[in-house]
Amino acid sequence: MGDSVDVGDRERRIDELVARYPVLEQCRGEIEQAAEMMIRCFVRGGMILTCGNGGSAADAGHIVGELMKDFKRARPLSSELVAKLRSAGGEEAEELAGSLQQALPAIDLTTQVPLMTAFANDRSAAAVFAQQVVAYRNPANLLFALSTSGRSRNVVSAAFVAHVLGLASIGMTGRSGGELSRWCDLIIPVPADET
């Protein structure tokens, strides 16, 4: 994984992002740091945990979707895994080997509906994401918390628990950073007050 990270390619992609959305020039340094943190997480064998509410929940799911399949470039399976699949069984395995891709491990904490509704009912709605951070507390993991205001109680609680457990965390917020900035290792303060 670490050998496949092309610094020049990463910089070009950030240049393209800022060219499309010039307002992001103000937080370019934070975007670069977030990329480094995420790469470090994957190199260490960790997984990205995402959370948010409303539109931020949709963004959390979208991020996971892009990490778990190819996005801008193909991510073919390793030749070792392809060989294992082929040797294990017939035409179906051959077709499956051709369809699968390497994934960057990630989970969207907003999609665990049975757990979230049970936990909110029995314990605390403010702790539905924090409970999952406790469950996925591998020190190599990283929390990516999204909140436009930076004040969403359940997102802030998840960042607080990640901080206490020693998990790296990135918060993406609007201009102010809100309370989330108190607990995240890095805040990407998008210079806007609305989504």
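Author: A helix here is a DSSP run of H or I with at least four residues, a strand is a run of E with at least two, and both are numbered from the N terminus. Arg182 lies in one such run, helix α9. The model is predicted, so local features need pLDDT of at least 70 and side-chain atom pairs pLDDT 80 or more, while totals for chains, interfaces and linings use all residues. Residues are numbered from 1 along each chain as its sequence is written, and side-chain values use heavy atoms, without hydrogens and water.

Reader: What makes Arg182 count as buried or exposed?

Author: The cut-offs are relative accessible areas, with a 1.4 Å probe and protein chains only: buried is under 20%, exposed is over 50%, and partly exposed is in between. Arg182 has 57%, so Arg182 counts as exposed. Its C-alpha atom is 20 Å from that of Glu32, and the two residues are 150 residues apart along the chain.

Reader: Why is the contact of Phe160 and Trp183 called edge-to-face?

Author: Rings of Phe, Tyr and Trp (its six-membered ring) pair if their centres lie within 6.5 Å; planes under 30 degrees apart are stacked, over 60 edge-to-face, and the rest tilted. Phe160 and Trp183 are 4.8 Å apart centre to centre, with 75 degrees between the planes, and therefore meet both conditions. The whole structure holds one aromatic pair.

Reader: Which parts of the chain does this pair tie together?

Author: Phe160 belongs to helix α8 (residues 153-165) and Trp183 to helix α9 (residues 180-183), so the pair ties together parts 23 residues apart in sequence. Trp183, at 16% relative accessible area, is buried, whereas Phe160, at 37%, is partly exposed.

Reader: How many disulfides are there, and how do you know that for Cys27 and Cys51?

Author: The count is zero. A disulfide needs two cysteine sulfur atoms within 2.5 Å. For Cys27 the closest cysteine sulfur is that of Cys184, at 15 Å, which is too far for a bond. For Cys51 the closest is again in Cys184, at 8.6 Å, also too far. Cys27 is buried at 0% relative accessibility, and Cys51 is buried at 0% as well.

Reader: Where does Cys184 lie?

Author: Cys184 sits in the loop between α9 and β5 (186-189). At a relative accessible area of 10%, Cys184 is buried. Cys184 and Arg153 are 14 Å apart, C-alpha to C-alpha, and 31 residues apart in sequence.

Reader: What makes a nonpolar core, and which residues touch the most other members of the largest one?

Author: A nonpolar core is a set of buried Ala, Val, Leu, Ile, Met, Phe, Trp, Tyr and Cys residues joined through side-chain atoms within 4.5 Å. The largest has 23 residues, and those touching the most other members are Leu49, Cys51, Leu109, Phe129, Val133, Leu143 and Leu180. At least two residues each come from β1 (48-51), α6 (113-122), α7 (128-135), β3, α8 and α9. The largest share, six residues, is from α8.

Reader: Why is the open space called a pocket and not a cavity?

Author: On a 1 Å grid over the protein atoms alone, a cavity is a set of points where a 1.4 Å probe fits but cannot get out, whereas a pocket is an open set with protein on both sides within 12 Å along at least five of seven lines; lining residues have an atom within 4 Å of a point. The largest pocket holds about 2,100 Å³ (the space filled by probe spheres set on the points, which are joined across faces, edges and corners). Its lining has 47 residues, and Ala35, Met38, Glu66, Leu67 and Phe71 are the closest to its centre. Helix α1 gives the most to the lining, with seven residues.
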